[in-house]
Structures are given as structure tokens and as C-alpha cells.
Amino acid sequence: MSTYRFSSCLAVRMERFVDLRQLSGTDYHSQARLLGYLDRFLVQQDFSLPYFTREIIDHYQQGLSRLAPRTRSNQMSVLRQFCEYMATSVPQSYVPGPLKMIRSYGAHRPYIYHLSQMQALMVAAAGLAPPGSLRPHTYRTLLGLLYSTGIRIGEAMALNLQDVQLSSQRLFIAEGKFRKARWVALSESTSRELGQYIIRRLKISPHELDSPLLLNERQQRLCHPTVNMTFRGLLQKCGIAHNNRMGPRIHDLRHTFAVHRLLAWYRKEQDVNARLPALATYMGHVDIRSTRVYLQPTAELFEQVHERFRNYYLKNIQPHGGQP
């Protein structure tokens, strides 16, 4: 039987669907987790019909539009499979058409946020309505975690209270991409801010160790569509130009983390090539090639590379008669 428990009006059908997939010999672990995003979305929308309508599916798809092409394709694949399953017993249930595939290498150029933009986003998040609620603290904490640790948005939303180890200043990512668990070290400032959030968070139920760290207004785990919609609002408030399809995206905070980490190493005159494997492990990558995808060139990065080469030339080549 499925270990997943859903809570929307279609929860029973979702559990049966996952059971059916697993009984057929399919490893439906990660797909079931993606189905959980749909389940939480239906709860947030107070959806109560026993079948899907085109309106609710279109609304859900709009929330997925800002995800990376491959991620969006995975989400839609699971959605269509479940919709087709629903239609076998409820013919009027809506089934969306197949998602048009987009080549991931040309679909989106990551956006690297400036430090001033990150500061503006954090201030805007702290001002979210309703005043006095946990919501502004939740989004400020979410953005801070994504920027300071580079964890994936799905990993951040999946965090439970027990995954935060403030005494040792680290997070436990129970299940990252490819079902890999890992520890993520926290800086002193990030750990301090996270501790302050937890104090506020524990004033609201649920309090169990396996309950979500980051809560929405319904005291439930955050979901992608709502987070993406809120993030678009923060971008607009901060005057950061964007469009719904190409970004900037919240996932670009992960790219920003990687680039800013590289920039910090250059400024401290550290051996960047020697440190890249550690960055790959920290970000949960299988190998360093995946990490290189996140290292987008920026003006500041080019400046640091040029300065390092210039210093090397002046110190090691020119004294031996090298041409300037």
C-alpha cells in the first residue's frame, strides 16, 4: 500500500492511483510526491468536486508556468496520468492535452540576482499581508534559505521541524533529487534567522517534529503554485522586470547562490577548481558537470577572473620576459 496520504477531496482516488502504479512494478515514489503538490493546491483552492474541471486544471497549470521546462514536464506528466485515471471512472472529468516539450538547453537563461535585489526582495517579503501573521516571516525565511544555501525550492518546502539542527548549524535534506539525502551547513547568520522563525512558527500548530517547517496561511505545507504566484508579486513590487514564462524565477536563486559562492572564492584568492567538487556535493549534484550548469558568467565574475589572470601574469610571466 502507498505510504502517501493526501488530504484533498480527491485524496482516496490519489491513494488508489499511487497504489495501482506501485503494484504494477513502477517506482512511483517521486511521481507520488509531485502528485502531492496537486493535492495541496486543491486544498488551498477549497476544491470540492468529485472530478476535475478545465478551470481548476488551467489554474494549476498557470502556477507551473514558471518552473524549468523539465520540471514542468514532469509535473504535467503526473497530472495527465492521474486525470486519465480519473476519466476512466468519471467520464466528465477533464483531461489536459500533452505538454509541448521545450529543449531545456535553450529554454531559459538563468537570472542572477544582484545583492541589492535580494535585499529588496527580503524587505518586500517581510511586508506581506496580513500584518502580524506568520506569512511574511515564512516567505522571508524561504527566500533567505534559498539564497544562502542554494537548496532547491522543493527541498525547502519539504523541510520538517526535525530537519533543522540549530545546535550544529545544519539542515537535513531527507530526500533531494535522485532520492539522495544530505546535510547542508548553515552560516551563523542564517542559523540565527532560522531560529527566530522557528520561535514564531511554534506558536502555531502543528507542533510535531515531522510537521512542516514552512507553513501557509492554512497551517499546511507550502505548494509550488502559491509560492510562485507570491514570488511574482514580490518581483513586481521590487521593480524587477519579469514575464510569466521566462522569469526571473524563484529557482534562479539557486543559480545566484552558486555564482555568488564562486565570486566569493575568487575575491578571497582561493583555488576555485579545487573547491568545485565540494560545491557539487553541497548542492546535491551527482557530479561536477551538473554544478557547472549553474555557474553563469556575470560582469563581476569576469572582472574577478581578469584580475586573477592579470596578477598571475605580473607575478609569474612578465618578470621572465613575457610580453605585456
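**Loops, helices and a small set of strands**

Pro-130 sits in the loop between helix 6 and helix 7. Helices here are DSSP runs of H or I with at least four residues, strands are DSSP runs of E with at least two, and both are numbered from the N terminus. The model is a predicted one, so local features need pLDDT of at least 70 and side-chain atom pairs count only at pLDDT 80 or more, while totals for chains, interfaces and linings use all residues. Residues are numbered from 1 along each chain as its sequence is written, and side-chain values use heavy atoms, with hydrogens and water left out.

Back to that loop: the peptide bond leading from Ala-129 into Pro-130 is cis, and its omega is near -5°. A cis bond also turns up between Ser-205 and Pro-206, with omega near 0°. Pro-206 belongs to the loop between helix 9 (188–201) and helix 10 (224–237).

As for the whole protein chain, it holds 14 helices and three strands. Of its 324 residues, 46% are buried. Buried means under 20% relative accessible area, exposed means over 50%, and partly exposed covers what is in between (1.4 Å probe, protein chains only). Contacts, meaning heavy atoms within 4.5 Å, can also be sorted by how far apart the partners are in sequence. Among those between residues at least 6 apart, 63% join residues at least 24 apart.

Next come the two helices on either side of the Pro-130 loop. Packed helices like these are described by the angle between their axes and the distance between the axes. The axes of helix 6 (residues 115–126) and helix 7 (residues 135–149) come within 7 Å and cross at roughly 160°. For this, axes are lines fitted to C-alpha atoms, for helices over the stretch in contact, and angles run from 0 to 180 degrees between N-to-C directions. Helix 6 and helix 7 therefore count as roughly antiparallel, since that label goes to angles over 145 degrees (under 35 is roughly parallel, 65 to 115 roughly perpendicular, and the rest oblique). On the helix 6 side, the meeting residues are Leu-115, Met-118, Leu-121, Met-122, Ala-125 and Ala-126, and on the helix 7 side they are Pro-136, Tyr-139, Arg-140, Leu-143, Gly-144 and Tyr-147.

Another helix 7 residue worth a look is Thr-138. Thr-138 is buried, with a relative accessible area of just 1%. Leaving aside residues up to four places away in sequence, Thr-138 touches Tyr-197, Leu-214, Leu-215 and Leu-222. With Tyr-197 there is also a polar contact, side chain to side chain, at 2.9 Å. A polar contact is a pair of N or O atoms within 3.5 Å; within protein, one must be able to donate a hydrogen and the other to accept it, and residues adjacent in sequence count only if both atoms are side-chain atoms.

Now for the strands. The three strands make an open sheet in the order 1-2-3, with antiparallel pairing. Strand 1 (164–165) and strand 3 are the edges, each pairing on one side only. Two strands pair if DSSP finds at least two bridges between them. Strand 1 and strand 2 are joined by two bridges, and Gln-165 has Arg-170 in strand 2 as its bridge partner. Strand 2 (residues 170–173) and strand 3 share four bridges, and Phe-172 stands opposite Trp-183. Which side chains of strand 3 (residues 182–185) are buried? Arg-182 and Val-184 are, and they point to one face, while Trp-183 and Ala-185 point to the other and are not buried.

Finally, helix 12 (residues 272–282) has Val-272, Leu-276, Leu-279 and Ala-280 as its buried residues. Looking down the axis of helix 12, these fall within an arc of 100°, so they line one face of the helix; the arc is taken from the directions from the helix axis to the C-beta atoms. Ala-274 and Thr-281, on the other side of helix 12, are exposed. At the start of helix 12, a side-chain oxygen of Asp-271 comes to within 3.3 Å of the backbone nitrogen of Asn-273. Just after helix 12, Gly-284 has a positive phi of about 80°. Glu-269, in the loop between helix 11 (252–267) and helix 12, has a positive phi near 60° despite not being a glycine. Glu-269 counts as exposed, at 65% relative accessibility.
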